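Let's take a friendly walk through this structure together. Have the sequence and the 3D view ready, and follow along from place to place.

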Amino acid sequence: MSNSLVPFKPGLYLLPPNGAMRVPGLIVATQQQLLSEELEKPLEQVRNVATLPGIVGYSIAMPDMHWGYGFPIGGVAAMDLQTGVISPGGIGYDINCGVRLAVVPLAFQSLDARTRKALLNEIFHSIPSGTGQGHKREKTLSDADYKELLIQGAAWSVHKGMGVPQDLEQTESNGVLAGADFAAVSQEARLRGRSQVGSIGSGNHFIEIGEIQKVVEPTLAAAWGIEKGQTYILIHSGSRGFGHQVCQDFLNDFIQKGFAKNLPDRQLVAAPIMSSEGKQYWAAMAAAANFAFNNRQQILHFVRLAFQKVCRLELTSIRLLYDVCHNIGKIETHLVEGKATKLLVHRKGATRAYGPGSPELTPLFRTTGQPVLVPGDMGRASYLMVGLGNPLTWCSACHGAGRAHSRIHCLQAWKGKRPLEHMASLGVQVMAHTTRTIAEEMPDAYKDVDRVIEAVEEARLAQAVARLRPYLVLKG
Amino acid sequence: MTLKRLFFGMEMQAPWPSEWPEGRRIQEPHLTLAFLGAREPSDVEKVVRPPFHVAPCGWFDRLLALPEAHPRVIAWHASWWERSLPDFALLLTNWLRERALFSEKRPWLSHVTLCRSPFLIHQWQKAFEILPCYAGSFNLYESLGNSLYKPLWTHPLLPPFEEIPHTADLAFRIRAESLPQLYIHALTALAFYDPALLLHRLENPALESLEEIIILLNKILSVTDREQGSPFKAVSFHGSIQHLGPLLEWEMIIDV
């Protein structure tokens, strides 16, 4: 355990400020995690983030923390709008990478083996996944459509018939980030993203279908229309090459303009929020966020079509529960020294977790708190949680289990073995374009999500509502 | 006297395909620099060695069926990023000629033989795709017949890159003897994962800093993602160049 950490509250530890740190670090973790995991590298990044001008409160790290780019993955930092900075590394290359959970009015165990296989095949062949798999459209996206998509967010896809208006209410920020500007986005980003809307991507992105295995909070689950045994759909994807390029463009720009001078880590480069560079980045970042909202909206639409074809379900019977962002910058109002204050909250591998009463939420979630989606791994579980609105973390929680092992370690561990057969022995059917992808994403690559959930609950950031068990997985 | 059929060559490293067209495959692909015929190994003990420390990088850019008139072997032609290896091939053959150990008059053809007949040329032509490579070590080989070769001695070279563990993403230790070479070796490391990057390579760029290298690598990555798709999101701005004697080292981390 790092000698510098000081117990603060249950599940929360302080990293006292030293050197150039303007605020303390706040680490969300269980004691066992601190004893058993190698955390020095992400903690160094927590210290570095704490040096950024205008940071308010704490430099925060979630229990799924690991080494990132400037910010640790699992990092949260809020900035004063007037004096603070905006950091592309604090939002990530995959802008608005996020997760959405939909529920299907079918008991999963009622799907026989043939139906499950047909469903997975249909999804695999109708939704592009893996490297270079953009969407083959009958018509290319026109410039006008592309511009509207980037400004309107997920509403664009709904208006085009790929979803229902209720989907927008069940999406964080109604599926749109304000302030997007097409002109702020480079030609290269537009070219990269043009054919990629409605595709999963590669790496750790996925579509997962499974069963609500266990209901932990029955009252909440009932309010949300969640039942044990129900079929769920979980989608993990982001802004694809569009977002990657936006991040890269602004990292290049900020570094070349000297904004990285005097920073402990070049990847932490940031521009004042109110500078022209900061505003340009916000405008492009919002466009990328809206690209990602459309991406997940369209992917869900195609999964709905697959269920319609294979299981003869009405499209509208498959209900989106919620969609969350976990690589994002948001302008939010929080109490700072008792005063309602607008802050720019960076969440890099962290999820918003508003509690009951938050005005941004729809009436249902304003009563209960918002859903928080925590994907684990394809062999064990994912979690549906409810946000508790903890002000210490600016109403933020973790975003996943976090990797435990490197890709090269996993490839070596599974070399000569049969990962697909192993997953089948666990009852999980997996499809991907390469066996390499499957080996890199095997369950043992990830930390145990149950331990991460324990840490989040101990720190009172969010509370488990249901445990989800995957059975059909499409890996990017 | 123990005469052996000897030749000098470089052991070749590449992300070889997992499946090949039909043919009698050469199991240990190598780049022949000079074939000596039947010689005493002691005749060449003091041979000139490569003046470079890090394995040179290149790429296979076309198929060769040799000899052209009646092909008996399939080979891949290797192009090299820098002159160091072709210059060494010339240095070596001159050294050997001066000692009457080598008499080949034809210019050196940079190629790696992959299989011997029988084969179907059109199958090999269809299967060919650009592929990165590097010449891993300088060896004196004995040709044993039946496409079998045995290194008698090896002059090792440092690998231009090595993959290192990184929990969330991909990481490589890149080694080079100059800044432009750092770019070459970094791109080769990436191309071992995604050969399509080579289609958009930039040769002889003017580079003065690590930032410029990273920006250029990301430009190549962007174009590749746009045209063919790429598994990489971006090369991060992590790290700095470490100077270790005559060598430069950089820990390159790529978001995937």
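One term will help from the start: a residue counts as buried when its relative accessible area is under 20%, and as exposed when that area is over 50%. Please also keep in mind that this is a predicted model.

With that cut-off in hand, look at C395(A), in the loop that joins strand 16 (382-387) to strand 17 (396-397) of chain A. Its relative accessible area is 9%, and because buried means under 20%, C395(A) counts as buried. The backbone here deserves a glance too: C395(A) has a phi near 55°, a positive value in a residue other than glycine.

Another loop of chain A, the one between strand 6 (85-86) and strand 7 (98-107), holds N96(A). Phi of N96(A) is also positive, near 55°, and this residue is not glycine either. Is N96(A) buried or exposed? With a relative accessible area of 0%, N96(A) is buried.

Now turn to the helices of chain A. Helix 1 spans residues 31-36 and contains L34(A). This leucine has 2% relative accessibility, so L34(A) counts as buried. From C-alpha to C-alpha, L34(A) lies 9.8 Å from Y13(A), and 21 residues separate the two in sequence.

Further along the chain comes helix 4 of chain A, residues 143-152. Which of its residues are buried? They are Y146(A), L149(A) and L150(A). These residues sit on the same side of helix 4 of chain A, because they cover an arc of only 90° around the axis. A general feature of helices helps to picture this: an α-helix has 3.6 residues a turn, so residues three or four places apart point the same way. The partners of these buried residues are also in chain A: they pack against helix 5 (154-159), helix 7, helix 9 and helix 10 (276-311). Just after helix 4 of chain A comes G153(A), with a positive phi near 70°.

Next, see how the two chains meet. Chain A brings 31 residues to the contact and chain B brings 35 residues. Between them, about 2,800 Å² of area is buried, and carbon and sulfur atoms give 55% of it. Of the area that chain A buries against chain B, 23% is supplied by W67(A), Y69(A) and R266(A), more than by any other three residues.

What kinds of pairs cross this interface? There are three salt bridges between chain A and chain B. In one salt bridge, the side chain of R192(A) meets that of D225(B), at 2.9 Å from N to O. The interface also has 13 residue pairs in polar contact. On the side of chain A that touches chain B, helix 7 (187-193), helix 9 (240-256) and helix 12 (407-414) each supply at least two residues. Helix 9 of chain A gives the largest share, eight residues. Sorted by class, this side of chain A has ten nonpolar, 14 polar and seven charged residues.

Finally, stop at two prolines in chain B. P67(B) is in the loop between strand 4 (57-66) and strand 5 (73-80) of chain B, and the peptide bond from L66(B) to P67(B) is cis, with omega near -15°. P118(B) lies in the loop between strand 6 (111-116) and helix 2 (121-127) of chain B. The peptide bond that leads from S117(B) to P118(B) is cis as well, with omega near 10°.

Technical notes. Residues numbered from 1 in each chain as written. Chains lettered and ligands numbered in written order. Predicted model: local features only at pLDDT ≥ 70, side-chain atom pairs only at ≥ 80, totals over all residues. Heavy atoms only, no water. Helix = DSSP H or I, 4+ residues; strand = E, 2+ residues; numbered from the N terminus. Buried < 20%, exposed > 50% of the residue type's maximum accessible area, 1.4 Å probe, protein only. Contact = heavy atoms within 4.5 Å. Buried area = accessible area lost by both parts, 1.4 Å probe. Salt bridge = Lys/Arg side-chain N within 4 Å of Asp/Glu carboxyl O. Polar contact = N/O pair within 3.5 Å; in protein donor to acceptor, adjacent residues only side chain to side chain. Nonpolar A, V, L, I, M, F, W, Y, C, P; charged D, E, K, R; others polar. Arc of directions from axis to C-beta.
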